[in-house]
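Please look over the sequence and the structure shown here. The paragraphs that follow lead from one charged residue to its surroundings, and from there to the chain as a whole.

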Amino acid sequence: MTIIDTISDSYYGDRVKMAFAFAELLNQEARALQTDGVRCHPVRRAGLQCLHGRGQRLGHQALERAAEGLTCTTAVHICYGYGIKANTDWKQTLGSEWRQYEDIFPAIAKSPIQQVAIECRNSRCRWNCWGC
């Protein structure tokens, strides 16, 4: 998502096509790193929590594509510190308690991703908001 949100696209003309092309490239790189002995492959999905509905499903599908076929440990980093304008504008609509991870964690649990690194800086989340 970080790459897709911050580059200009004059080739694909479609953010979804571009996202899956990058997921494919990331998967190829991860497989090569795995062959070289890497034991854990992290993928950064900075603003995944700000996607909703179809966008969130496509984000998860691209994440799964990036991890497809890996036997090493797979991890994802998601954060609230992502500072692009679309994300900072979205944060202004959330009110006093932000609960987006309640939707994200069940989807990640069903995916091939095995670990989550979460950054809660400026998240307005309370640790008990996920039912822990």
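**Charged partners and buried polar side chains**

With a relative accessible area of 27%, Glu-24 is partly exposed. The model in which Glu-24 sits is a predicted one, and the side chain of Glu-24 meets that of Arg-65 in a salt bridge, with 2.1 Å from N to O. Because Glu-24 belongs to helix H2 while Arg-65 lies in helix H3 (residues 54-67), this pair ties together parts that are 41 residues apart in sequence. Arg-65 itself is buried, at a relative accessible area of 18%, a value that falls under the 20% limit used for that word.

Arg-65 also forms a salt bridge with Glu-68, and here the closest N and O atoms are 3.3 Å apart. Glu-68 is partly exposed, its relative accessible area being 43%. Through shared partners, the salt bridges join Glu-24, Arg-65 and Glu-68 into one network, and the count of salt bridges comes to two.

The residues of this network lead on to Asn-27, which is found in helix H2, spanning residues 15-35. Leaving aside neighbours within four places in sequence, Asn-27 is in contact with Arg-65, Ala-66, Ala-67 and Glu-68. Asn-27 is buried, with a relative accessible area of 2%. Where does a polar atom of the side chain of Asn-27 find a backbone oxygen 2.7 Å away? That oxygen belongs to Glu-68, so Glu-68, whose side chain takes part in a salt bridge with Arg-65, also offers its backbone oxygen at 2.7 Å from the Asn-27 side chain.

A second buried polar residue is Thr-74, with a relative accessible area of 2%, and Thr-74 is found in strand S2, which covers residues 73-79. The side chain of Thr-74 has a polar atom 2.8 Å from the backbone oxygen of Pro-112. Not counting residues up to four places away in sequence, Thr-74 touches Pro-112 together with Ile-113, Gln-114 and Gln-115, and it also touches His-41 and Ala-67. Ala-67 appears among the contacts of Asn-27 too.

**Cysteines without a bond**

How many disulfides does a search of the whole structure find? The search finds zero. The sulfur of Cys-40 has its closest cysteine sulfur in Cys-72, and because the separation is 6.8 Å, the two are too far apart for a bond; the cut-off for a disulfide is 2.5 Å between the sulfur atoms. Seen from the other side, Cys-72 is in no disulfide, with the sulfur of Cys-40 as its nearest cysteine sulfur. Cys-40 is partly exposed, at a relative accessible area of 34%, whereas Cys-72 counts as buried at 8% relative accessibility.

**The chain as a whole**

The protein chain holds five helices and three strands, and its elements run α-α-β-α-β-α-α-β from the N terminus on. Of the 132 residues in the protein chain, 37% are buried; Asn-27 and Thr-74 are among them. When contacts between residues at least 6 apart in sequence are considered, 75% join residues at least 24 apart. The accessible surface of the protein chain comes to about 7800 Å², and carbon and sulfur atoms account for 52% of that surface.

Key. Residues are numbered from 1 along each chain as its sequence is written. This is a predicted model: local features need pLDDT of at least 70, side-chain atom pairs count only at pLDDT 80 or more; totals for chains, interfaces and linings use all residues. Side-chain values use heavy atoms; hydrogens and water are left out. Helices (H or I, at least four residues) and strands (E, at least two) are DSSP runs, numbered from the N terminus. Buried means under 20% relative accessible area, exposed over 50%, partly exposed in between (1.4 Å probe, protein chains only). A polar contact is a pair of N or O atoms within 3.5 Å; within protein, one must be able to donate a hydrogen and the other to accept it, and residues adjacent in sequence count only if both atoms are side-chain atoms. Contact means heavy atoms within 4.5 Å. A salt bridge is a side-chain nitrogen of Lys or Arg within 4 Å of a carboxyl oxygen of Asp or Glu. Accessible areas come from the Shrake-Rupley method with a 1.4 Å probe; for residues, only the protein chains shown count as cover.
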